[in-house]
Amino acid sequence: MKKDAVEVVRMESICKSFPGVQALNDVNFSGYRGEIHALVGENGAGKSTLIKILGGVFQPDSGNIILKGKEIAFKSTHAARMVGISVVHQELVLVPYLSVAENILLGQEDCNKLGILRSLSMRQAVTRPLHGFQEYIPKELL
Ligand SMILES: Nc1ncnc2c1ncn2[C@@H]1O[C@H](COP(=O)(O)OP(=O)(O)OP(=O)(O)O)[C@@H](O)[C@H]1O
Ligand SMILES: [Mg+2]
């Protein structure tokens, strides 16, 4: 870590229990700008639980999260996303009756004033990053 490095996120003394199991006991984590971390531990060590707390899925039983110097408490994944924290979860659950685009944009749907999905715009949003790879994309997705 450089001396003038900027601390982006700090998790202090995080504890989290589920019925019958203490998943996290006094866990600390700190991330500085530009860093990439690998969270390593045996099955059930609490890696996903820690990341879910950072992503607003769970609230900690105790402990603090400091984002760019300010203490925060996420009540939802939406609240975490609003300040730039987004998680690609280990175990993905797809909604079988939704389209690929609707699954990718779950929780970030593009709706009109009546709450009706803008399907074309959503499809374009998820395929745009794939431009340049078009020969590999099934025609029905474009
Ligand atoms: N929603 C939940 N309800 C009850 N117990 C849970 C829940 N989520 C996790 N646990 C328990 O908390 C502990 C930590 O689980 P966690 O999924 O965070 O571990 P992990 O390090 O991500 O494991 P893995 O390497 O298998 O992904 C485990 O004992 C697990 O059974
Ligand atoms: Mg896990």
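This text goes through a predicted model, starting with its sheet and ending with a few single residues.

The sheet comes first. Strands of a sheet pair through backbone hydrogen bonds, in either a parallel or an antiparallel way. Here four strands make up an open sheet, their order is β2-β1-β3-β4, and the pairing is antiparallel. The edges of the sheet are β2 and β4 (residues 70-72), and each has a single partner strand, so one side of each is left without a neighbour in the sheet. From one strand to the next, the twist averages 25°.

The pairs can be taken one at a time. β1 and β2 run antiparallel and are joined by eight bridges. Within this pair, isoleucine 14 has valine 27 in β2 as its bridge partner. The two strands form a hairpin with two residues between them, and in this hairpin glycine 20 has a positive phi near 85°. β1 also pairs with β3, again in the antiparallel sense, over five bridges. Valine 9 is placed opposite leucine 67 of β3. The pair of β3 and β4 is antiparallel too, with three bridges. In that pair, isoleucine 66 faces glutamate 71 of β4.

Which strands does helix α1 pack against? The buried residues of α1 pack against β1 (7-18), β2 (21-32) and β3 (62-67). The helix spans residues 47-54, and its buried residues are Thr49, Leu50, Lys52, Ile53 and Leu54. Just after α1 comes glycine 56, with a positive phi of about 85°.

The helix and the strands also meet in the core. In soluble globular proteins, nonpolar side chains tend to be buried together. In this model the largest nonpolar core consists of eight residues, namely Met11, Ile14, Ala23, Leu24, Leu50, Ile53, Leu54 and Ile65. Two or more residues of this core come from each of β1, β2 and α1. The largest share, three residues, belongs to α1. Leucine 50 is a useful residue to follow through the model. Setting aside residues up to four places away in sequence, leucine 50 touches Ile14, Leu24, Val27, Phe29 and Leu39. Two of these names, Ile14 and Val27, have already appeared as bridge partners.

The same helix also takes part in the surroundings of ligand 1. Which element gives the most to the shell around ligand 1? That element is α1, with three residues. Both β2 and α1 supply at least two residues each. The full list around the ligand is Phe18, Val21, Ala23, Gly41, Asn43, Gly44, Ala45, Gly46, Lys47, Ser48, Thr49 and Gln90. Sorted by class, the shell has four nonpolar, seven polar and one charged residues. Two residues of the shell have been named above: Thr49 is among the buried residues of α1, and Ala23 belongs to the largest nonpolar core.

Some single residues remain. Most residues other than glycine have a negative phi. Serine 13 has a positive phi of about 50° although it is not a glycine. This serine 13 lies in strand β1. Is serine 13 buried or partly exposed? Serine 13 counts as partly exposed because it has 13 C-beta neighbours inside 10 Å, while a buried residue would need 20 or more.

Lysine 68 is another residue other than glycine with a positive phi, in this case near 45°. Lysine 68 is located in the loop between β3 and β4, and the hairpin of these strands has two residues between them. Lysine 68 has 13 C-beta neighbours inside 10 Å, so it too counts as partly exposed.

The last residue lies outside the sheet. Leucine 106 sits in the loop between α3 (100-104) and α4 (119-127). Why does leucine 106 count as exposed? Leucine 106 has 12 other C-beta atoms within 10 Å, and a residue is exposed if that number is 12 or fewer. Between leucine 106 and valine 95 there are 9.1 Å in space, C-alpha to C-alpha, and the two are 11 residues apart in sequence.

Key: Residues are numbered from 1 along each chain as its sequence is written. Chains are lettered from A and ligands numbered from 1 in the order in which they are written. This is a predicted model: local features need pLDDT of at least 70, side-chain atom pairs count only at pLDDT 80 or more; totals for chains, interfaces and linings use all residues. Two residues are in contact if their C-beta atoms, placed from the backbone, lie within 7 Å. Two strands pair if DSSP finds at least two bridges between them. Axes are lines fitted to C-alpha atoms, for helices over the stretch in contact, and angles run from 0 to 180 degrees between N-to-C directions. A nonpolar core is a set of buried Ala, Val, Leu, Ile, Met, Phe, Trp, Tyr and Cys residues joined through C-beta atoms within 7 Å. A residue is near a molecule or strand if its C-beta atom, placed from the backbone, lies within 6 Å of it. Ala, Val, Leu, Ile, Met, Phe, Trp, Tyr, Cys and Pro count as nonpolar, Asp, Glu, Lys and Arg as charged, and the others, Gly among them, as polar.
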